[in-house]
Amino acid sequence: MAFYSPARLHPAHVHRTLDPLAHVASASERRISALSELARPDRAAGTSSIPGLLWYSAAANLAELRQLAHPASVAGAALSGVEDQASYAPLPLQLLQRSRALTLEVLAIEALHAAQLLDPAGRSATSLVPVLHGFVNANLPASVLVDLTTALIGS
């Protein structure tokens, strides 16, 4: 049986994971920007199945990720007169879970944009592209579309 010190869950340690997630999502959001610009003629012609405002969702997720990456160690105070520093273990774990979910959503939005541009008709032999096209062509609400794609790439 292994025992883990609560020090491993200290916000300062978890923060080292949150910051890279924000950087990954930032790079993905920049790629979504470029992909969305490339898809502008398709949206204007009405041939794109990807909602144009999906990029805004990715940008909103990125903004929240940047807020979550702020060190959790600056929040709160010691819980008693005895402790000099509280671990706040639940807080960094919640931040990490939320950051992972937001990052996966941003990556899912990027994957949807890329699949649409790589193969507008959805006839590619690549395994992921037809699955993504199946999601898009099902005329699902954008939130369901992102949830399905997030589940697919997160597994």
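**Exercise 1. Which helices are included in what covers the buried residues of α5?**

Solution. Before starting, keep in mind that this is a predicted model.

Step 1: Find the residues in question. Helix α5 spans residues 128–137, and its buried residues are Val 129, Leu 132, His 133, Phe 135 and Val 136.

Step 2: Look down the axis of the helix. The buried residues of α5 fall within an arc of 155°, so they line one face of the helix.

Step 3: See what lies over them. The cover includes α4 (90–118) and α6 (142–154).

Step 4: Follow the chain onward. After α5 comes Asn 139, which has a positive phi, near 55°.

**Exercise 2. Describe the chain as a whole: its elements, its contacts and its surface.**

Solution. Step 1: Count the elements. There are six helices and zero strands, and from the N terminus they run α-α-α-α-α-α.

Step 2: Turn to burial. The chain has 155 residues, and 34% of them count as buried.

Step 3: Consider the contacts with a separation of 6 or more. Residues 24 or more positions apart account for 74% of these.

Step 4: Finish with the outside. The accessible surface comes to about 9000 Å², and carbon and sulfur atoms hold 60% of that surface.

**Exercise 3. Which helices does the salt bridge between Glu 110 and Arg 31 tie together?**

Solution. Step 1: Recall the idea. Side chains of opposite charge can pair when their charged atoms come close.

Step 2: Check the distance. The closest N and O atoms of Glu 110 and Arg 31 are 2.4 Å apart, and the cut-off for a salt bridge is 4 Å.

Step 3: Place the partners. Glu 110 belongs to helix α4 and Arg 31 to helix α1 (residues 11–38), so the pair ties together parts that are 79 residues apart in sequence.

Step 4: Judge exposure. Buried means under 20% relative accessible area. Glu 110, at 14%, is therefore buried, whereas Arg 31, at 40%, is partly exposed.

**Exercise 4. How many salt bridges are there in total, and what can you say about two others?**

Solution. Step 1: The count comes to four salt bridges.

Step 2: Take Glu 64 and Arg 98, whose closest N and O atoms are 2.9 Å apart. This pair links distant parts of the chain, with Glu 64 in helix α3 (residues 54–68) and Arg 98 in helix α4, 34 residues apart. Glu 64 is partly exposed at 30%, and Arg 98 is partly exposed at 37%.

Step 3: Now take Arg 30 and Glu 29, which meet in a salt bridge at 2.9 Å, N to O. Arg 30 is partly exposed at 48%, while Glu 29 is buried at 7%.

Key. Residues are numbered from 1 along each chain as its sequence is written. This is a predicted model: local features need pLDDT of at least 70, side-chain atom pairs count only at pLDDT 80 or more; totals for chains, interfaces and linings use all residues. Side-chain values use heavy atoms; hydrogens and water are left out. Buried means under 20% relative accessible area, exposed over 50%, partly exposed in between (1.4 Å probe, protein chains only). Helices (H or I, at least four residues) and strands (E, at least two) are DSSP runs, numbered from the N terminus. The arc is that of the directions from the helix axis to the C-beta atoms. Contact means heavy atoms within 4.5 Å. Accessible areas come from the Shrake-Rupley method with a 1.4 Å probe; for residues, only the protein chains shown count as cover. A salt bridge is a side-chain nitrogen of Lys or Arg within 4 Å of a carboxyl oxygen of Asp or Glu.
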